[in-house]
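Thanks, everyone. Let me put the structure up and we'll go straight to one strand.

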Amino acid sequence: MSAVRFVPMEVTPQGAAPCGESDLLRLVELAGRTAYKSEDRITESSARAFVLMLKKHEHLSVLEHSNIVLKIGKTGTSPVHEFDLEAVSTAIVKALGPRNGFHRLFQTPGPTPDGFAMSGNLRSWIETLRSLDLQKISCRAFLARHLHRFFPSLFEDPVVSDAEWPIEVSLMSEAEQLELLRKYPESDLPLFVFKIVCDRGITHELVRHRVFSFTQESTRYVNYKNRGMILILPEELQPFHDAQGERLTGESPTVAEWHRRAEALFEWYRGDVERGLKPEIARDILPNLLKSEIFVSGRWSGWEHFIRLRDSRHAHPRIRFIAREVRKYFESIDLKIEDTRD
Ligand SMILES: Cc1cc2nc3c(=O)[nH]c(=O)nc-3n(C[C@H](O)[C@H](O)[C@H](O)COP(=O)(O)OP(=O)(O)OC[C@H]3O[C@@H](n4cnc5c(N)ncnc54)[C@H](O)[C@@H]3O)c2cc1C
């Protein structure tokens, strides 16, 4: 069997990032292991240690594939505390300063607001707490205390009383976040995660969207010598592709030519690794068409912008394919983007 295979692109929505600790850890682990292609090491109990290892080594970008939304104020049926919630949200905004950009604060409009919601990914929360650390304000103790309550593996107990801010705090579920988003698109609380299989040329276009978070299969760490080289099926070869066998069929000269070129490139790579070069150096010869797996996470505002730019005839056909699949996912959960396609 040839060491070169051709596979089609794939877009797999992972849904809104989960709010509970164990599901959150599992998603971060799955995204993180994509970089090293070590998914086979995932077990029932591997997520916590893996995420803590990332945290310890400051590989915090992987922790961005997560979302923690705190509901601050009234919970359940208990009455709102006398405490002035508006003063609390103002104090938080003031304390966060430039870090506000990494969070969303949203208060339900209306005459009787029962609190507000504050979101951020795991990395944002970790770094926000660090930035507040130096400031002797109750804001830090308050946030740290509640983050520790819900995510004891990830946030230390600040061991201080939150008596100064006696407000109820709960986690907002994905369903609640989505309901708010449909009603108030500006709330922008949920974080939507997609796993995308595409070529390296297209991942390079994806990562230009700076408001998203990314974790991508690494050509530095993954050694393709024994795995073989997988390429994304180019448009020209689609009529010859047998999806089940992940191979090309037919006697076409086009197929033969593609195989010949791809095998020559892979032989170059394999030869370099065999003579002792590291994969990170041998990769220089790998083509843009190399299959790459990437997790991409972002909020509705980011994905809406992405679809507007990329589901367009001006965009590359393969990133347009991705934008259309993302659009389909959002339509399936009743989030529509005006169709301005040309
Ligand atoms: C059809 C098409 C052709 C393209 N051709 C090229 C090309 O030839 N060469 C090339 O280099 N790129 C090209 N690009 C990529 C393009 O320039 C953008 O990098 C990419 O589309 C991401 O868009 P964005 O910056 O709006 O999105 P994001 O980076 O996701 O930003 C979203 C929004 O956040 C705000 N924002 C984010 N960062 C900043 C910042 N630092 N300062 C101010 N505001 C910010 C802006 O409002 C921005 O619209 C092309 C894109 C398209 C769609």
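Look at strand 12 and the two ways its residues point. On one side you have Lys291, Glu293, Phe295, Ser297 and Arg299. On the other side you have Ser292, Ile294, Val296 and Gly298. Why the split? In a regular strand, side chains alternate between the two faces of the sheet. Now, are these residues buried or exposed? Both sets are buried, Lys291, Glu293 and Arg299 included. Count along residues 291-299 and you get 9 of 9 buried. Keep in mind that this is a predicted model.

Next, the neighbours. Which strands pair with strand 12? Strand 7, residues 191-199, is one of them. The pairing is antiparallel, over 9 bridges. Strand 8, residues 213-216, also runs antiparallel to strand 12, and 4 bridges join them.

Phe295 is a good place to stop and look. Lys195 stands opposite Phe295. Thr215 stands opposite Phe295 too. Phe295 itself is buried, and it points the way Lys291 and Arg299 do.

Now zoom out to the protein chain. How many helices and strands does it have? There are 11 helices and 12 strands. The chain has 342 residues, and buried ones make up 34% of them. Set strand 12 beside that figure: 9 of its 9 residues are buried.

Two last numbers. Take the contacts with a separation of 6 or more: 71% of them are between residues 24 or more positions apart. And the C-alpha trace spans about 80 × 50 × 35 Å along its principal axes.

Definitions and conventions: Residues numbered from 1 in each chain as written. Predicted model: local features only at pLDDT ≥ 70, side-chain atom pairs only at ≥ 80, totals over all residues. Helix = DSSP H or I, 4+ residues; strand = E, 2+ residues; numbered from the N terminus. Buried ≥ 20, exposed ≤ 12 C-beta atoms within 10 Å, placed from the backbone. Contact = placed C-beta atoms within 7 Å. Pairing = 2+ DSSP bridges.
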